[in-house]
Amino acid sequence: MKFLKSPFFWIVIAVSLLYAVYPKLGNNITLRETLVLSAIYVILATNLNLMIGYTGYVNFGSIVFFGLGGYLTLWLIGGYGWNLYAAVLFAGVVTSLLTLALGFGILRLRGAYFALATIGVNEAVKDFVSNFDKWGGSEGIFLPFSTYKSMGGAVHALWTVYFLIIGVMALSLLLSWFIKRSKFGLGLFAIREDEDAAIVLGVKAPVYKAIAYSVSAFLPAVAGGLYFFKNGSIVPEEAFNLHLSIESIVMVMLGGQGTVTGPWVGAFLYERLRGLLLTTPSLSNFHLVIAGVLLLLIILFAPGGLMGWLYKRWARVRGVLE
Amino acid sequence: MSTPILEVRNVTMTFGGLTAVDDVSFNMAEGEILGLIGPNGAGKTTLFNVINGVYKPTRGNVVFRGRDITGLPPYDVVRLGLARTHQIVKPLNEMTVLENVVVGACFGAENLGLEPAQYVAEEVLEFTGLLQMKDELAGKLNIALKKRLEVARALAANPRLLLLDEVLAGLNPSEVAKMLDVIRSIRDRGISILMIEHIMQAIMSLSDRIVVLNFGQKLAEGTPDEVANDPQVIEAYLGDPEMAKRILEEEEA
């Protein structure tokens, strides 16, 4: 239980508890909804970082995991009466397995070709779902209000889902941290630096990459299930929203790819910024422009993101915030 | 005689219409240092790539310690105890020197966990004289140190056979001397070495035997003395054997 001695582990636990308890104490629903979004962004960015930051493969279509998880969950609950826990776990596992199979195929592509393929996957799944009658086609799936009754009524159910989402956020951060300190993580970093050299050094790159890709799909799929269950409905446009994929990349780059803290901080700051812009009437929907400019500036001037900058300033930070 | 550590049997490697390696065969005994020489473009590095699995040969077989490894991917080959360095160095730039070597130890023949790999890596860094820079980023090293890092990484895999691809090229004389010491002590550990080298003095003094390639074909094979006096070899290198003889005589005088 060496990890119990690490300050980082306790930082994750403390912040997650704060997220969970603070809105509940004041019964503040508005704050809760803001924090849900913030937590979802942290989940998306942290798991995307396993590909971009750890393995060096830019996944432009990571939102497909979130959307697929959402669809599978709502379909199982709405159509077959599964309970929420079983449905999100099943959705996570299925999405992960599909991603594993897909990974062995498209991870043969490198660089920009892989990135293009991932956009293609997201768009293809979106088109398929839009035309798939069992999942409501372009109308999507609606959960009847009675669904929430089994969870003690809508109010109670929404709080439960909120706590679960915060839990998934904490799990994402811990998973990312464990992988970074593992032999598996070392292999991924070697692939990121020079895949050919890594292969010659003995890293089973095709298998490692596919596993990383598959792992990066699991928690976003679970989070998608929880998020759309909370919303009570899902439509293709919202589930497979490519904008959110690209915004996730901005969060990862803003905080610092390849670190655990970076995507976390990046996602938090990006959510704040986006909230600010969306509530300023003259600037609404301007956030995508800002995101694009931000991404350009980071790549040009601070490729290490906020954490890269911090590490350079205070090398000691590296010991606490990984 | 015991089984050779490496048998290269009639290996041919073609790229489109170009035959880079043409029906090359040779054996290597356990504990031997075998030099692989030849003019630029003779197919030496291609042959290395075939031996460690980067390329699958068009024809022929590679047998390592009695096991046919033809077509095995490089990550499986290194697990069996056959490691290599690259002529054009491939450091993992954004990782420290220590982390680079830990990768070698973790994914090498021993398949070590992170912690034991750390010990092996430090031991290998000490052995190759890189221990003082273990926390430097690998990308920041100069070329001589990067070459040594290549050797250290390969060595951390605990190989039985090490392929060294021009580890002396681009080094100044004192760096060459240091590297030669490292290579000799690797051999003293009982590791067989197959090395490509252009610095003749070095390869002649180190090698037990030498194989000469020219235009993808094996031109000669033998002790350094035999090879150095082979008129065909001299012609491949210098063009005109008569002139070569004159140069050699002038040098001796």
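**Exercise 1.** Work out whether helix 6 of chain B is as long as, or out of line with, the span expected for its 16 residues.

*Solution.* Start with the count: helix 6 of chain B covers residues 173–188, which is 16 residues. Helices here are DSSP runs of H or I with at least four residues, strands are runs of E with at least two, and both are numbered from the N terminus. Next, take 1.5 Å times one less than the number of residues, which gives 22 Å for this helix. Finally, compare: the end C-alpha atoms are 23 Å apart, which agrees.

A word on the model: it is predicted, so local features need pLDDT of at least 70 and side-chain atom pairs count only at pLDDT 80 or more, while totals for chains, interfaces and linings use all residues. Residues are numbered from 1 along each chain as its sequence is written, and chains are lettered from A, with ligands numbered from 1, in the order in which they are written.

**Exercise 2.** Find which residues of helix 6 of chain B are buried, and what covers them.

*Solution.* A residue is buried if 20 or more other C-beta atoms, placed from the backbone, lie within 10 Å of its own, exposed if 12 or fewer, and partly exposed in between. B:Met179, B:Ile183 and B:Ile186 are the buried ones. Seen down the helix axis, they fall within an arc of 55 degrees (taken from the directions from the axis to the C-beta atoms), so they line one face. Their cover includes helix 5 (143–156) and strand 7 (161–165) of chain B. The face turned away carries exposed residues, including B:Asp181 and B:Ser185. Contact means C-beta atoms, placed from the backbone, within 7 Å.

Note on methods:
Two residues are in contact if their C-beta atoms, placed from the backbone, lie within 7 Å.
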